[in-house]
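Here are my notes for a first look at this model. They go point by point, so keep the viewer open while you read.

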Amino acid sequence: MEMSVTELSDPPRPESAPSAAPPARPARGGSPFGALLLRLHFYAGVLVAPFLVVAALTGLAYTAAPQVDTALYGEVLTVTQVGERPVPVADQVGAARNAHPEGSVSAVQPGTGDRTTRVVFTVPELADRQHTVYVDPYTGRVQGQLTTWFGSTPATTWLDDLHRNLHLGAVGRHYSELAASWLWVLALGGVVLWWRRRRASRATARHLLVPDLTAARGVRRTRSWHATTGIWLTVGLLFLSATGLTWSRYAGANFGAGLDALDARAPQLSTALAAGPVPTDTGGGHHGAAGAGGVVESAAFDRVLTAARTAGLAGPVEIAPGAPGSAWTVTQVDNTWPVAKDRVAVDPTTGTVTARSDFADWPVLAQLSGLGIQAHMGVLLGPVNQILLAALALGLLCVIVWGYRMWWQRRPTRADRRARTGTAPPRGGVRGLPWWAVLVGVPVVVAVGWALPLLGSTLVAFLAVDVALGVVSRRRRRDTAPASPVPAGG
């Protein structure tokens with residue numbers, strides 16, 4: 001896979017140069033398909049690579065988020081000593097309520113092992129942020145409070161925003177979507193180009209995966225490192241591109257519409273109850289906790305948790321109070337492999353399980369989407385996942401640097417035609433395509449451009465730039481061409 005900039009043909013050797021200027025050829029071997037792919041790879045690499053550099057650097061920073069959280073918030077997120085038995089969840093919620101009287105309790109994640117219990121408060125002034133109070137589950141002592149975003153600490157939220165939108169809000173999301181939209185095109189295009197080159201030179205399959213260190217120093221050796229490193233990264237880069245697009249702004253919306261059309265989203269969990277509203281706190285000694293529908297009985301947290309454990313929901317879970325007259329939900333939140341994402345709805349008054357949704361019963365696309373997101377975030381495989389993502393980011397940066405270096409190494413150095421960069425691959429690919437390729441290819445390209453709008457719009461921009469450069473080049477050649485001699489005698 002060639003990742004980022006160019007897989008350009010070698011400069012002609014002086015001893016093999018023809019005596020007369022040869023006609024323009026579309027690409028190595030005269031294939032119009034290869035010529036078109038080569039020119040697309042060049043333009044996309046040169047113009048999109050800066051966005052990929054930013055995505056790789058910010059993604060590399062995000063891989064260290066768990067370690068950053070431990071360093072900054074370790075005293076809040078973990079307990080100093082694991083006790084034998086946790087105190088009732090109701091008491092923990094009461095302690096959190098005393099420390100944070102504002103807002104309503106929207107979720108509780110009881111602490112397990114050395115993890116503190118998280119009591120999440122929704123406060124209207126915080127918009128999409130929440131206040132989370134952390135309680136020692138074995139003593140009931142409040143250990144701290146943080147402003148969180150869907151469970152993420154301030155540091156992780158900052159790193160996440162940096163990677164997704166550079167802290168520029170909705171406008172900044174265009175950069176990451178553009179990078180993800182072109183990443184798979186560059187990856188697959190590079191693989192095809194390198195395979196064509198290896199096949200044309202009758203190189204062994206080994207040279208597809210191992211750099212050719214016998215090549216002379218210069219563009220050939222750089223290209224070998226660029227290409228073979230990209231080959232090793234291909235699967236990972238395709239994965240990052242696909243998963244990144246699933247929650248992008250425009251392509252993500254199309255992906256969501258596709259899931260809806262296929263009925264492939266995670267199933268909804270019914271919280272309807274036949275009984276009346278959930279009773280409020282009866283003054284039995286437990287603190288009230290404002291939930292989705294007002295004040296609820298704190299003792300219901302223990303009742304609901306016991307029902308969920310009896311139903312088989314082991315490990316870390318999240319309890320979400322429902323509105324009066326509705327069931328509460330308990331969801332497994334273990335996102336490491338093998339994941340645990342089963343959910344149950346529980347009547348908070350009787351402790352009866354009223355509905356259930358197991359992860360194993362989800363549609364396959366919903367399962368893959370959920371697992372892919374966790375892997376993209378470096379969570380699914382724990383530290384191994386973080387190391388793999390960091391290696392992908394570093395490898396991508398190397399491939400991009402080598403690609404730009406090739407562009408520079410191929411620059412003309414003769415005094416009469418010196419240039420700062422190499423020339424683009426020759427034109428002629430589109431004109432050389434057979435009619436059936438155009439007939440099939442145009443609708444496919446339009447469909448892909450519709451599904452991935454930023455890919456489609458920038459592709460049109462690349463074509464416009466290429467046409468404009470062609471027009472300018474032809475005018476320059478015409479203006480500099482010597483005038484035809486006038487025949488004697490007029």
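**Notes on the chain**

1. Let's start with the overall picture: of the 490 residues in the chain, 45% are buried. Keep in mind that this is a predicted model. The secondary structure runs to 14 helices and ten strands. If you count the contacts with a separation of 6 or more, 64% of them are between residues 24 or more positions apart. The accessible surface is about 25500 Å², and carbon and sulfur atoms hold 64% of that.

2. For a piece of the interior, go to helix H3, residues 89–99, which is mostly covered. Eight of its eleven residues are buried. Val-89, Ala-90, Val-93, Ala-95 and Ala-96 are among them, and the buried set also includes Gln-92, Gly-94 and Arg-97. So an arginine and a glutamine are on the buried list of H3, if you are scanning for those.

3. Next, a nonpolar patch on the surface. Phe-33, Trp-435, Trp-436, Leu-439, Val-440 and Val-444 make it up, and together they have about 710 Å² of accessible area. Which helix gives the largest share of this nonpolar patch? Helix H13, residues 435–451, with five residues. Trp-435 lies in that helix and, with 67% relative accessibility, counts as exposed because the cut-off is over 50%.

4. There is a charged patch to look at as well. Arg-431, Arg-474, Arg-475, Arg-477 and Arg-478 form a positive patch on the surface. Helix H14, residues 453–480, brings the largest share, four residues. Arg-475 is one of the residues placed in H14.

5. On to salt bridges: the structure holds six. Take Arg-164 and Asp-161 to begin with, whose side chains meet at 3.0 Å, N to O. Both residues are in helix H4, three residues apart, or about one turn of the helix. Why does that spacing suit a pair like this? An α-helix has 3.6 residues a turn, so residues three or four places apart point the same way. Asp-161 is buried, at 13% relative accessible area.

6. Arg-129 and Asp-128 make another salt bridge, with their closest N and O atoms 3.1 Å apart. Is this pair buried or exposed? Neither, quite: Arg-129 is partly exposed at 24% relative accessibility, and Asp-128 is partly exposed too, at 39%.

7. Asp-260 and Arg-265 also form a salt bridge, at 2.5 Å from N to O. Asp-260 counts as partly exposed with 48% relative accessibility, and Arg-265 as partly exposed with 41%. Elsewhere, Asp-128, Arg-129, Asp-160, Asp-161 and Arg-164 are joined into one network by salt bridges that share partners. That network takes in the residues of points 5 and 6.

8. Some backbone angles deserve a look. Phe-150 has a phi near 50°, which is positive in a residue other than glycine. Phe-150 is in the loop between strand E4 (142–148) and helix H4 (154–165), and it is exposed, with a relative accessible area of 65%. Asp-263 is not a glycine either, and its phi is about 55°. You'll find Asp-263 in the loop between helix H8 (251–261) and strand E5 (289–291). Asp-263 is exposed as well, with a relative accessible area of 65%.

9. Where is the cis peptide bond between Trp-337 and Pro-338? Look in the loop between strand E8 (328–332) and E9, where Pro-338 lies. Omega for this bond is about -5°.

10. One more proline to finish. Pro-348 sits in the loop between strand E9 (343–346) and strand E10 (353–357). Is Pro-348 buried or exposed? Its relative accessibility is 1%, so Pro-348 counts as buried, the cut-off being under 20%. Pro-348 and Phe-301 are 47 residues apart in sequence, yet their C-alpha atoms are 7.7 Å apart in space.

How values were computed:
Residues are numbered from 1 along each chain as its sequence is written. This is a predicted model: local features need pLDDT of at least 70, side-chain atom pairs count only at pLDDT 80 or more; totals for chains, interfaces and linings use all residues. Side-chain values use heavy atoms; hydrogens and water are left out. Helices (H or I, at least four residues) and strands (E, at least two) are DSSP runs, numbered from the N terminus. Buried means under 20% relative accessible area, exposed over 50%, partly exposed in between (1.4 Å probe, protein chains only). Contact means heavy atoms within 4.5 Å. Accessible areas come from the Shrake-Rupley method with a 1.4 Å probe; for residues, only the protein chains shown count as cover. Patches are made of residues with over 30% relative accessible area and no salt bridge: like charges are joined within 9 Å, nonpolar side chains (Val, Leu, Ile, Met, Phe, Trp, Tyr) within 5 Å. A salt bridge is a side-chain nitrogen of Lys or Arg within 4 Å of a carboxyl oxygen of Asp or Glu. Lys and Arg count as positive and Asp and Glu as negative; His and the chain ends are not counted. The place of a charge is taken as NZ of Lys, CZ of Arg, CG of Asp or CD of Glu.
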